[in-house]
Amino acid sequence: MDNQLLTGKLTRLVAGDPDKFGELNAKWSHDSEFFMLFDSDPVMVRDAKRSGQFFRERAEKERPGAFPFLVQTLEDERLIGEGGLWNALSSNRDAWVSIGIGERELWGKGYGSDALNVMLRFAFRELNLHRVNLVTFEYNRRAIRAYEKLGFVHEGKIRGGMRRSHQRWAIVFMGILRDEWESANR
Amino acid sequence: MILQLFEGEKIRFAAFDADKDAEALSKWTHDPEYMRLLSPDPARPLAPFHIKKRFEEMEKEAGRDFYYFVIRAREDDRALGFTHLRWIEWNHGNAHFDMGIGSASDRGKGYGSEALQMLFRYAFEELNLYRLTGHTMEYNTGAQKFLLKHGFQLEVRRREALQREGRYWDGLTYGILADEWANANR
């Protein structure tokens, strides 16, 4: 049995209360580059109180298939990012995953990949899913490379699905099947 | 300038009328073939009570990132089906659509084609969207033909995203750009 289901090599997944989510989200929202890499919603500066309110409301409306996490470093237990599995309890055993490292000085050091791989382990070995999907944006090349390295397969593009910086970009769809993940993590 | 968006030759777009429509919509949900062609969610019969409740929920979102129409026959005003535009991302000009013609006896008569052309006009010339996205399943060959015939292109193939009848099926996503529609209708 795997007793460290939510722990990776660099990070662990922890629960975040809505106010903690709100506080971090408000901080990270002031980095518009982070938010443009993370989300297709218009970037917006947020304050901790209202952001906390948003996450409290989200928690109350949350459907049973939502598994939100905060990402914590193993080294100094710092909260550096957020992620989650969404729509994860369905008859098709198919879910969506998201990951973002808000602390930009830690980008490119493998924290996001590590946390994402822990979420995949949780998805395939605890939720017993058959596949996991994600979307990212054509301009987020670092994310696409990281997802390819973890074994995600390109499954198509929504042509011109977003407009940013005066230009149209594709929304990139990637997916990984349980067998693919298991053979990459033997 | 075209001012008439809701009147077609054989059909019209109308608001949901709980007294008139709940009974018909409930009846359609009792046809598992219809439900399976429509959605990857488990087929489930709904009572008029549930239909009314769903429309009340939908009405809360309507006009923000969600628009919906009941499709009616001009000849006798009966409800033929429905169409939705949802997850509208105003900043990117993308929306997702659903459409269904409820009774088997009303299918193959061109109602869906006319409704889709009216939906294009509404999406591109009233909401000013850049593109429209549609989803279907590998086993729904009728919908695939319908989408291709009306100018959609296959953009994403989510491998084995569905399970039905004891096997896996791909989830398919199609897209059409406003320009492509305009060029085809010049």
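**View 1. Chain B has the radius of gyration expected of a compact globule.** For 186 residues, a compact globule would come out near 16 Å, and chain B of this predicted model has 16 Å, so the two agree. Along its principal axes, the C-alpha trace of chain B covers about 40 × 40 × 35 Å. Buried residues account for 34% of the 186 in this chain. Take the chain B contacts between residues at least 6 apart in sequence: 55% of them link residues at least 24 apart. On confidence, chain B has an average pLDDT of 95, with 100% of its residues scoring at least 70.

**View 2. Chain B is built from 6 helices and 7 strands.** If you walk along the sequence, the order of elements in chain B reads β-α-α-α-β-β-β-α-β-α-β-β-α. Three helices follow the opening strand in that pattern, and a helix ends it.

**View 3. This is the side of chain B that touches chain A.** Here 22 residues of chain B are in contact with 21 residues of chain A. The elements of chain B that put two or more residues into this side are strand 5 (131–137), strand 6 (153–164) and strand 7 (167–177). Which of them gives the most? That's strand 6 of chain B, with 9 residues. Sorted by class, this side of chain B is a mix of 7 nonpolar, 8 polar and 7 charged residues. For the complex, the predictor reports an ipTM of 0.94 and a pTM of 0.95.

**View 4. Here is the largest nonpolar core, with 41 residues.** Look for B:Ile71, B:Ala115 and B:Ala123, which have the most contacts inside this core. Helix 4 of chain B (residues 111–125) supplies the largest share of the core, 8 residues. Leaving out residues up to four places away in sequence, B:Ala123 touches B:Leu85, B:Ala95, B:Leu129 and B:Leu132. Another core, of 36 residues, lies apart from this one, and its members include A:Leu85, A:Ala88, A:Ala95 and A:Phe124.

**View 5. Strand 6 and strand 7 of chain A make a hairpin.** Strand 6 (residues 153–164) and strand 7 (residues 167–177) of chain A pair in the antiparallel sense, over 8 bridges. To get your bearings, find A:Ile158, whose bridge partner in strand 7 of chain A is A:Ile171. There are 2 residues between the strands, and A:Ser165 in the turn has a positive phi of about 50 degrees.

**View 6. B:Asp77 and B:Glu160 have a positive phi without being glycines.** As background, most residues other than glycine have a negative phi. B:Asp77 has a phi of about 70 degrees, and B:Glu160 one of about 55 degrees. Where do you find B:Asp77? B:Asp77 sits in the loop between strand 2 (67–73) and strand 3 (79–89) of chain B, while B:Glu160 belongs to strand 6 of that chain. Is B:Asp77 buried or exposed? B:Asp77 counts as exposed because it has 11 other C-beta atoms within 10 Å, and the cut-off for exposed is 12 or fewer. B:Glu160, with 20 other C-beta atoms within 10 Å, is buried, since 20 or more is what buried requires.

Technical notes. Residues are numbered from 1 along each chain as its sequence is written. Chains are lettered from A and ligands numbered from 1 in the order in which they are written. This is a predicted model: local features need pLDDT of at least 70, side-chain atom pairs count only at pLDDT 80 or more; totals for chains, interfaces and linings use all residues. Helices (H or I, at least four residues) and strands (E, at least two) are DSSP runs, numbered from the N terminus. The radius of gyration is taken over C-alpha atoms; the globule rule is 2.2 Å times the number of residues to the power 0.38. Two residues are in contact if their C-beta atoms, placed from the backbone, lie within 7 Å. Ala, Val, Leu, Ile, Met, Phe, Trp, Tyr, Cys and Pro count as nonpolar, Asp, Glu, Lys and Arg as charged, and the others, Gly among them, as polar. A nonpolar core is a set of buried Ala, Val, Leu, Ile, Met, Phe, Trp, Tyr and Cys residues joined through C-beta atoms within 7 Å. Two strands pair if DSSP finds at least two bridges between them. pLDDT is the predictor's confidence in each residue, from 0 to 100.
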